[in-house]
Amino acid sequence: MLDFTFPQRNEDGAAAYEAGDHLGLCPSNRAVNVAFMKEHLLDIPSFTHPLVLLETTGQARVWKEADDFPQYLCFDDILNYVVDLSRLPSQEVLRMMLRHAATKKDQEELKMLVDDSAKLEKWEKKCNTFCDTLREFPSVQLPSAEVGSVLE
């Protein structure tokens, strides 16, 4: 059962909302998977300070607030509610992992999955989540910004 509390009320005592307002329910990732993911990320921003988009134009880096980027969203929120750690990584994500694998063994196995669709299909049947994949390739350390951009 769900119960919602609406702090703002209209004159009739009903919940105050306007046309177009909607409620979103976002299931969170399991805490153990979020903690595991944090161990495999590089360049982790503060978990408690809101993120701001950094736009790069040529050689210049300019801070720019984007209208379509949620305000007051922390990196911890992204790991808990935005990225989907429960699904199997796509070939694009496996390519990213290949670029960041530190051992020859992990590089060779990831390259095989990226290049051979038959081996990828067989592998997909035994491995079922993003975190399972990281456990299989322990040398992979991923840049946090890249993870946020490919796992949404």
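**Legend 1. C131, a buried cysteine, is shown with C74.** C131 has a relative accessible area of 0%, which means that this cysteine is buried (under 20% relative accessible area; exposed is over 50% and partly exposed in between, with a 1.4 Å probe and protein chains only). The model is predicted, and local features need pLDDT of at least 70 and side-chain atom pairs 80 or more, while totals for chains, interfaces and linings use all residues. Residues are numbered from 1 along each chain as its sequence is written, and side-chain values use heavy atoms, without hydrogens or water. C74 is also a buried cysteine, and its relative accessible area is 12%. With a disulfide taken as a pair of cysteine sulfur atoms within 2.5 Å, the structure holds zero disulfides.

**Legend 2. The protein chain as a whole gives the setting for the close-up views, with seven helices and four strands.** These elements are DSSP runs numbered from the N terminus (helices, H or I, at least four residues; strands, E, at least two). Following the sequence from its start, a reader meets the elements in the order α-β-β-β-α-α-α-α-α-β-α. The protein chain has 152 residues, and 29% of them are buried. Contact means heavy atoms within 4.5 Å, and among the contacts that link residues at least 6 apart in sequence, 68% join residues at least 24 apart.

**Legend 3. Helix α1, residues 31–39, has a buried side and exposed residues on the other side.** The buried residues of α1 are N33, V34, F36 and M37. Around the helix axis these residues cover an arc of only 160 degrees, which puts them on the same side of α1; the arc uses the directions from the helix axis to the C-beta atoms. A31 and E39, by contrast, lie on the other side of α1 and are exposed. Several elements help to cover the buried residues of α1, including the strands β1 (41–42) and β4 (142–143). The helices α2 (75–82), α6 (130–136) and α7 (144–150) also belong to this cover.

**Legend 4. N29, in the segment before α1, reaches backbone oxygens with its side chain.** N29 is buried, and its relative accessible area comes to 12%. A polar contact is a pair of N or O atoms within 3.5 Å; within protein, one must be able to donate a hydrogen and the other to accept it, and residues adjacent in sequence count only if both atoms are side-chain atoms. A polar atom of the N29 side chain lies 2.7 Å from the backbone oxygen of L79, and the backbone oxygen of V83 is 2.8 Å from a polar atom of the N29 side chain. When neighbours within four places in sequence are left aside, the residues in contact with N29 are V34, L79, N80, V83, D84, L85 and S86.

**Legend 5. S139, in the loop between α6 and β4, is shown beside T103 and K104.** S139 has a relative accessibility of 14% and therefore counts as buried. Its side chain reaches the backbone nitrogen of T103 at 3.2 Å. Apart from residues up to four places away in sequence, S139 touches H100, A101, A102, T103 and D106. K104 is part of helix α4, which covers residues 104–115, and with 59% relative accessibility K104 counts as exposed. Although K104 and S139 are 35 residues apart along the chain, the separation of their C-alpha atoms is 9.4 Å.

**Legend 6. M97, in helix α3, is shown with the residues in contact with its atoms.** Helix α3 spans residues 91–99, and M97 counts as buried at 0% relative accessibility. Beyond the neighbours within four places in sequence, M97 is in contact with L110, T133, L134, V140 and L142. From M97 to Q141 there are 44 residues in sequence, while their C-alpha atoms are 7.9 Å apart in space.

**Legend 7. D43, in the loop between β1 and β2, has a positive phi.** The strand β2 that follows this loop consists of residues 54–57. Phi of D43 is near 55 degrees, a positive value in a residue other than glycine. At 66% relative accessibility, D43 counts as exposed.
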